[in-house]
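User: I would like a close look at one part of this model, the ligand and its surroundings, followed by a careful walk through the side-chain pairs elsewhere. Please give the cut-offs for each term as you go.

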Amino acid sequence: MCRVWMLGLAILMLAGCEQDMANQPRYEAYEAAPGWKHNQSALQPVPGTVPRGASLGPVPEDLPMPLTLDLLERGRQRFDTYCSPCHGRTGHADGMVVQRGFPAPPTLHSERLRSVALRHFYNVISNGYGVMYSYAARVPPEDRWAVAAYIRALQLSQHAAPQDLTEGLRAQLEGTP
Ligand code: HEC
């Protein structure tokens with residue numbers, strides 16, 4: 001009989017504890033909270049905060065900044081760092097990671113990839129593509145454009161015809177003085 005009483009008492013005490021936890025002091029959402037910043041229990045996000053998954057507006061079709069040699073240099077540096085391990089320094093899909101067994105990406109010199117808008121490269125870097133993961137965390141938007149512009153330069157470098165060169169360079173190439 002005594003045991004039953006003790007058990008009953010224990011249950012009552014536990015239930016009592018739970019009740020205390022439910023009633024502990026807390027703020028309602030956005031309730032005034034004197035002493036806190038802005039006197040408000042919910043803190044404001046710092047200026048410039050971008051919610052996860054937020055869209056920053058439509059991505060332009062083409063480069064939103066002027067095409068300069070500096071931009072291409074930056075693009076090359078970022079491409080060599082982040083993309084060449086798989087895509088290779090020249091975009092022929094022969095990077096070291098591929099040589100060690102990672103699925104080979106397509107060459108960047110196909111007819112299709114030579115004719116896509118720069119925005120496509122920007123989107124692939126931002127969102128990933130198939131088994132390629134997103135580089136959004138490592139390559140900020142401005143650098144994505146720089147890389148996209150550099151890929152286009154790489155593509156031109158592999159498809160240049162002699163008549164694309166200036167007279168002087170062409171003569172140099174053909175060995176005529
Ligand atoms: C770890 C290896 C790896 C790295 C690093 C990598 N990629 Fe890729 N990439 C791939 C693979 C694999 C595919 C093909 C994915 C598929 O089709 O499933 C691909 C596909 C692509 C495509 C083709 C998309 C299409 O329309 O077919 C582009 C463009 C591209 N990557 C650009 C980049 C750029 C730019 C970077 C650097 C910021 C980069 N990749 C870094 C592996 C990689």
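User: How many residues surround the ligand, and which are the closest?

Analyst: This is a predicted model, in which local features need pLDDT of at least 70 and side-chain atom pairs count only at pLDDT 80 or more, while totals for chains, interfaces and linings use all residues. Residues are numbered from 1 along each chain as its sequence is written, and side-chain values use heavy atoms, with hydrogens and water left out.

The ligand is surrounded by 23 residues, and the closest are Cys 83, Cys 86, His 87, Arg 112 and Met 132; a residue is counted here if one of its heavy atoms lies within 4 Å of the ligand. Two of these residues reach the metal itself, since the iron atom of the ligand is coordinated by His 87 through NE2 and by Met 132 through SD, at 2.1 Å. His 87 belongs to helix α2 and Met 132 to the loop between α5 and α6 (141–158), so the pair ties together parts that are 45 residues apart in sequence. Helices are DSSP runs (H or I, at least four residues), numbered from the N terminus.

Around the iron atom of the ligand, the six donor atoms subtend angles of 83 to 178 degrees, which makes the arrangement octahedral. Donors are N, O and S atoms within 2.8 Å of the metal (3.2 Å for Na, K and Ca), and water is not among the atoms, so sites may look incomplete. Six donors count as octahedral if opposite donors are over 155 degrees apart and all others between 65 and 115.

The two coordinating residues can also be described by accessibility, where buried means under 20% relative accessible area, exposed means over 50%, and partly exposed lies in between (1.4 Å probe, protein chains only). His 87 counts as buried because its relative accessibility is 14%, whereas Met 132, with a relative accessible area of 26%, is partly exposed.

Polar atoms of the ligand also have side-chain partners, and a polar contact here is a pair of N or O atoms within 3.5 Å; within protein, one must be able to donate a hydrogen and the other to accept it, and residues adjacent in sequence count only if both atoms are side-chain atoms. A nitrogen atom of the ligand is 2.7 Å from an N or O atom in the side chain of His 87. An oxygen atom of the ligand is 2.6 Å from an N or O atom in the side chain of Arg 112, and for the side chain of His 120 an oxygen atom of the ligand is likewise 2.6 Å from an N or O atom.

Away from the ligand, Ser 126 offers a polar contact within the protein. Ser 126 is part of helix α5 (residues 118–127), and its side chain makes a polar contact with the side chain of Arg 144 at 3.0 Å. With a relative accessibility of 13%, Ser 126 counts as buried. Leaving aside neighbours within four places in sequence, Ser 126 is in contact with Ser 134, Ala 136 and Arg 144, contact meaning heavy atoms within 4.5 Å.

Charged pairs form another theme. Side chains of opposite charge can pair when their charged atoms come close. The structure holds seven salt bridges, each being a side-chain nitrogen of Lys or Arg within 4 Å of a carboxyl oxygen of Asp or Glu.

One of them joins Glu 73 to Arg 76, at 3.4 Å from N to O. Both residues lie in helix α2 (residues 69–87), three residues apart, about one turn of the helix. Glu 73 is partly exposed at 41% relative accessibility, and Arg 76 is partly exposed at 39%.

Another salt bridge links Glu 111 and Arg 114, with 3.7 Å from N to O. These two residues are separated by about one helical turn because they stand three residues apart in helix α4 (residues 111–115). Glu 111 is exposed, with a relative accessible area of 61%, whereas Arg 114 is partly exposed at 30%.

Asp 80 forms a salt bridge with Arg 89, and their closest N and O atoms are 3.2 Å apart; Arg 89 counts as exposed at 57% relative accessibility.

Methods: Tetrahedral: all angles 85-135°; square planar, octahedral: opposite > 155°, others 65-115°.
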